[in-house]
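Here is a short walk through one protein model. Keep the sequence and the 3D view side by side as you read.

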Amino acid sequence: MAKFKPGVYKGKAYGNGYDSKPSTVIVQVTLSEDRIEDVKILEHGEIKGVGWGLKTSPVETLPGEIVKHQSLGVPPVIGAEKSSKAIIKAATRAISQSGAKMSALTAPLPRPAHPDEERSVDFLILGGGAGGLAAGVQARQAGADVLIVEAAGVTGGSAARSGGKLMAPGTKWQRAVGIYDSPDLLYKYMMEQGKGLVDPDKIRFFCDRAYENLLWLESCGWKCQDVEPIHESIVPWRVYNSEGGSYMSAGQGGHITYAMHSTYEKLGGEIVFECALKELIVEDGAVKGAVCEYAGGGTLTVHANNVLLATGGFAANREKLEALYPQMKGYFTDVPKTNVGKGIDEGIKAGAKEYVSPGVQVNYMSISSAFIGIKEEAGLIVDADGRRVVNEWSYQYVVGDALMRTKKNHGWYVTSGKDKYATVQAAFQAGKTSDPKDVYADSLEELAGKMGVDYAVLKATVDRYNELAAKGVDEDFGKPAEYLFPVDGPKYAAFYYTPCVTVTFGGLETDLVGRVLDAGGKIIPGLYATGETAPKGMYGTIYPGCGTSIGAAVLWGRVAAKMVTGQAVL
Ligand SMILES: Cc1cc2nc3c(=O)[nH]c(=O)nc-3n(C[C@H](O)[C@H](O)[C@H](O)COP(=O)(O)OP(=O)(O)OC[C@H]3O[C@@H](n4cnc5c(N)ncnc54)[C@H](O)[C@@H]3O)c2cc1C
């Protein structure tokens, strides 16, 4: 009996687009009586470097896998699950129009197992995100025998999903629009933001090299689109959008990682995918390689005299993050699931000293109206108890730091619609949002009740705020007068602020050139770390600006590669 009614069918599903918006994926499937003959993706808006663009991305691989296995049960690409699932769903919807018995086609297939293998390289890089790819390129440029082992099925890590913003002072892009800037000015700014918790030598090292680092990325194929402020209150403008990006957009980081990935490939670099660091090999106190495991089963043991931990931070490790920072309970994150801090944990087991940071990169935003909280709304923000805690016209991470210090897991944006911001207006006028925690009321008392805060506290906060607005002077927090909008009814709304964590600030301690240190401050031979595996010294409790994180990961990835290959560093 025929399996399918032969024909060409189309199906649609929603995948992972820019700014966390769904991308429309349209898949065309050609069926004969007995076979899936062809699967084509006709349309998609997936993120470059994650959903498409790489040899291993879902757009490139899944159509062929479905035909090869004659199955819709093919496993999603690790790290690109949303894109994978959309393609599989669209293909499923297409095939289901053919009268096929779907249960037989959708049974999940296992990931392929690999035979156990042992090999040796000069330089083993664990993790193929911002730091790992940079190290790989820099090492290949020196002709080193290098291998990247990546837990996901695509490279890029957090960086590929990021806003793709980079930061550097004194650049040609600033000069082109008449902005004066210098490494000294950036140094001064970062030291102030670090509030005594940063390492002046590391900050200096970063500021002096940040521009060269971007020129190096440009030589890999990255393109700067424009320079912008990360917040109107912070000058000079020194943050650069990757092509396609704009204010607080997300997903353009794929352009950065794609550029490094393709350069690494052109230089003959090798990447092993869907294979994760299990443990480091340590002999006589020196790191000599790592044991890694394939997601489908099978062990890869790599012997190497130089190992770089570039496995990112631990924002996907909810248990660890909430234990260290209880006020982050219920936080939202969109880092890859693989970023659980494995490199940090294994580094510690190998004798490294752990730095536990008092902060994380957190911004608080309304999930139902994602941009309330990360643009420049500057309306009244209160903590979970209804108290004002910050000059709201501040960079989102300054607001985040202030709310995190309240030790509560949320905050509120309180308004009566006088604010001039489109996102706030839209949510206020609509009278409802998709987040049941957002509340609307006809009086402040009713609002306080719905927020679960003491009315007397909220009333005192709002009265004082309205008094300052009437005066036109924010005596309490110094917010400019033009951002003081009264909260005086007749209607009120409070948008629930959920903490959103992207970058973690704690990890392994390293010296200026990325060598991992033990508890006594001594170098652990053979072990380097970069990026969120070793962010100590770069951050206090406030994230100083978009672009520092990818910039630092790339910089110290390259520095580690230069150390390993004997290139000049300082
Ligand atoms: C939504 C979002 C927006 C952001 N926007 C910006 C921005 O605009 N500018 C900026 O500078 N920063 C931004 N960041 C932060 C930035 O992307 C990261 O801090 C940066 O990518 C860190 O680099 P990394 O190399 O340490 O980690 P990653 O880039 O995350 O790479 C780590 C890699 O290691 C892999 N890995 C994990 N565990 C293992 C294991 N056991 N074995 C092998 N591989 C493993 C992961 O799969 C991943 O590919 C953003 C982050 C997010 C999530």
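The tour goes from domains to cores to the ligand.

Start with the overall layout. This is a predicted model. Its protein chain is divided into domain 1 (7–106), domain 2 (118–358 + 505–565) and domain 3 (360–501). Domain 2 is thus written as two stretches, 118–358 and 505–565.

Now look at domain 2 beside domain 3. Their C-alpha centres lie 34 Å apart. The contact between them takes 20 residues from domain 2 and 21 residues from domain 3. On the domain 2 side, 12 of the touching residues are nonpolar, six are polar and two are charged.

Next, go inside. The largest nonpolar core has 156 residues. Within this core, Leu124, Ile125, Leu126, Val149, Val307 and Leu308 touch the most other members. Helix α16 (residues 548–565) supplies the largest share of the core, 10 residues. Take Leu308 as an example. Beyond its neighbours within four places in sequence, Leu308 is in contact with residues including Ile125, Leu126, Tyr528 and Ala560. There is also a second, separate core of 23 residues. Val25, Trp52, Ile66 and Ile95 are among its members.

Finally, turn to the ligand. It is surrounded by 45 residues. The closest are Gly127, Gly129, Gly157, Gly163 and Gly531. Which elements give two or more residues to this shell? They are α4 (130–141), α5 (157–161), β11 (275–283), β20 (492–504) and α16. Helix α16 gives the most, with five residues. By class, the shell holds 16 nonpolar, 23 polar and six charged residues. Helix α16 therefore appears twice on this tour: in the largest nonpolar core and around the ligand.

Technical notes
Residues are numbered from 1 along each chain as its sequence is written. This is a predicted model: local features need pLDDT of at least 70, side-chain atom pairs count only at pLDDT 80 or more; totals for chains, interfaces and linings use all residues. Domain bounds come from an automatic or database domain assignment. Two residues are in contact if their C-beta atoms, placed from the backbone, lie within 7 Å. Ala, Val, Leu, Ile, Met, Phe, Trp, Tyr, Cys and Pro count as nonpolar, Asp, Glu, Lys and Arg as charged, and the others, Gly among them, as polar. A nonpolar core is a set of buried Ala, Val, Leu, Ile, Met, Phe, Trp, Tyr and Cys residues joined through C-beta atoms within 7 Å. A residue is buried if 20 or more other C-beta atoms lie within 10 Å of its own, exposed if 12 or fewer, and partly exposed in between; C-beta atoms are placed from the backbone. Helices (H or I, at least four residues) and strands (E, at least two) are DSSP runs, numbered from the N terminus. A residue is near a molecule or strand if its C-beta atom, placed from the backbone, lies within 6 Å of it.
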